[in-house]
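Work through the exercises below with the sequence and the coordinates open side by side. Each task is followed by a solution that goes step by step.

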Amino acid sequence: MNQATMEQVLKDAEVALGHLETEGALEAWYVKYFGRENGEIGKLLKTIPELPPQERGTVGKAINQGKQALEAAYEERRGRVASAAMQEQLRGERIDVTLPARGQLGGSIHPIMAAKQELIDLFAYYGFTVADGPEIEDDWHNFTALNTPTDHPARDAQDTFYLPDGRLLRTHMSSVQIRAMESGKPPLRLIMPGRVYRRDDVTKRHYPIFHQLEGLMVEEGTTFAHLKGLLTALCHELFGKNRRVRFRPSFFPFTEPSTEVDVECPFCGANGCGTCSYSGWIELGGAGMVHPNVLEAVSLDPEKVTGLAFGMGIDRVAMIRYGINDIRHLWENDDRFLQQF
Ligand code: DAH
């Protein structure tokens, strides 16, 4: 062996080591160079005695230095390969703890409740406060005191659920008028929003459960002009000044004279469509001057005080206000619908 061969062997070992990527390859390399039986380094060392005595020292030293350097490089390489393998394994087993949490849907105010609140706010401007009554009502408050005695045909239009004791699910908010006049004295300016029940077929505008806002103003000198002015101003506030409002003569047992209040249909520009039954108008509610018999039923003197009253559909207001062309949307709780509000 000469110096050049020795250097070549050490150099080869170093270069080969630099390319090794797996623990298996490293092991094979180690056996090749440091193997007890046939390792290349061992072979080099075994040739030393064949050298001339004066060279043995330097060559032996050089081989030992090369051997130490290779061992250190081997350890370093092994560490690197092991840590790369570990990284690879960790990458495979990785759990992404930064995943966003499953979102919660934010709630929002239901359009019926939004319309109700808007109405309450608007009427507050005219001095009206909110009054309430029970949903399970008695015959007196729902009908009889409202000038609608037992045999009155107007009851037919307001069929509802009856309890065995004769009480019923209220068919309108007018029942709360009676309660308000029984418990308070004029001047009264009240609005009474609430849920009412009626045997009604389901259509685009009708649902057997709906919401009404009843209004009552009882003061000396109240006239039909106040009624018209109040409701016109309110409709303009709610639906814009350009939307026409119509007062149509009508009949209610508890008012005289009576009117119905219609608003131009927003879905067809008053041309007629499925939502307004091709009339061009949507009925907002009924209104009128409180009937003298009603005032007498609550011990008020019709010669002294007069009153105006109205009852409007809150669901109808929501429909016109928010462009909902079918009342059923308000009751189906479809997320896709509700999320728009
Ligand atoms: N209670 C009536 C209904 O549900 C609506 C109504 C009409 C209320 C005229 C009133 C009124 O206060 O004056 O159909």
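The exercises that follow concern a predicted model, and they go from the sheet to the helices, the enclosed spaces and the backbone.

**Exercise 1. Establish the strand order of the sheet, and find which strands are its edge strands.**

Step 1. Following the pairings across the sheet gives the order S1-S4-S5-S9-S8-S7-S6, an open arrangement of seven strands in which the pairing is mixed. Step 2. The edge strands, each of which pairs on one side only, are S1 (129–130) and S6 (245–252). Step 3. For the inner pairings, begin with S4 (residues 188–197) and S5 (residues 209–219), which run antiparallel and are joined by 10 bridges; within this pair, Ile191 has Gly215 of S5 as its bridge partner. Step 4. S5 also runs antiparallel to S9, with eight bridges between them, and here Met217 is matched with Leu308 of S9. Step 5. S9 in turn pairs with S8 in the antiparallel sense over five bridges, one bridge partnership being that of Gly286 with Gly311 in S9. Step 6. The accessibility of S9 can then be checked: seven of its eight residues are buried, so that the strand is mostly covered, where buried means under 20% relative accessible area.

**Exercise 2. Compare the span of helix H4 with the value expected from its number of residues, and then list its buried residues.**

Step 1. Helix H4 covers residues 53–92, which is 40 residues, and at 1.5 Å a residue it should span 58 Å. Step 2. The C-alpha atoms at its ends are 58 Å apart, in agreement with that expectation. Step 3. The buried residues of H4 are Val59, Gly60, Ile63, Gly66, Leu70, Tyr74, Arg77 and Val81. Step 4. In reading such a list, recall that an α-helix has 3.6 residues a turn, so residues three or four places apart point the same way. Step 5. The cover over the buried residues of H4 includes helices H1 (3–18), H2 (23–34) and H3 (40–47).

**Exercise 3. Describe the surroundings of Cys235: is this residue buried or exposed, and which residues is it in contact with?**

Step 1. Cys235 is located in helix H8, residues 224–239. Step 2. Its relative accessibility is 3%, and because the cut-off for buried is under 20%, Cys235 counts as buried. Step 3. Once neighbours within four places in sequence are set aside, the contacts of Cys235 are Gly240, Val245, Val263 and Leu284. Step 4. For a long-range comparison, take Gln68, which is 167 residues from Cys235 in sequence and 98 Å from it in space, C-alpha to C-alpha.

**Exercise 4. Characterise the largest cavity and the largest pocket by volume and by lining.**

Step 1. Rolling a probe the size of a water molecule over the atoms shows where empty space is left. Step 2. The count gives one cavity of 30 Å³ or more, and the volume of the largest cavity is about 50 Å³. Step 3. This cavity is lined by Leu231, Cys235, Val261, Leu284, Gly285, Gly286, Phe310, Gly311 and Met312, with H8, S8 and S9 as the elements that give two or more residues. Step 4. By class, the lining of the largest cavity has six nonpolar residues, three polar and no charged. Step 5. The largest pocket holds about 700 Å³ of space, and among its 38 lining residues Gln158, Arg198, Gln212, Phe252 and Glu283 lie nearest its centre. Step 6. S8 gives the most to the pocket lining, with six residues, while the lining as a whole divides into 15 nonpolar, 15 polar and eight charged residues.

**Exercise 5. Locate the cis peptide bonds at Pro187 and Pro257, and the positive phi angles at Asn147 and Ala270.**

Step 1. Pro186 and Pro187 are joined by a cis peptide bond with omega of about 5°, and Pro187 sits in the loop between H7 and S4. Step 2. Glu256 and Pro257 are likewise joined by a cis peptide bond, with omega of about -5°, but Pro257 belongs to strand S7. Step 3. Asn147, although not a glycine, has a positive phi of about 60°, and this residue lies in the loop between H6 and S3. Step 4. Ala270, also not a glycine, has a positive phi of about 65°; its place is in the loop between S7 and S8, where its relative accessible area of 24% makes it partly exposed.

Conventions. Residues are numbered from 1 along each chain as its sequence is written. This is a predicted model: local features need pLDDT of at least 70, side-chain atom pairs count only at pLDDT 80 or more; totals for chains, interfaces and linings use all residues. Side-chain values use heavy atoms; hydrogens and water are left out. Two strands pair if DSSP finds at least two bridges between them. Helices (H or I, at least four residues) and strands (E, at least two) are DSSP runs, numbered from the N terminus. On a 1 Å grid over the protein atoms alone, a cavity is a set of points where a 1.4 Å probe fits but cannot get out, and a pocket is an open set with protein on both sides within 12 Å along at least five of seven lines; lining residues have an atom within 4 Å of a point. Grid points are joined across faces, edges and corners, and a volume is the space filled by probe spheres set on the points. Ala, Val, Leu, Ile, Met, Phe, Trp, Tyr, Cys and Pro count as nonpolar, Asp, Glu, Lys and Arg as charged, and the others, Gly among them, as polar. The expected span of a helix is 1.5 Å times one less than its number of residues. Buried means under 20% relative accessible area, exposed over 50%, partly exposed in between (1.4 Å probe, protein chains only). Contact means heavy atoms within 4.5 Å.
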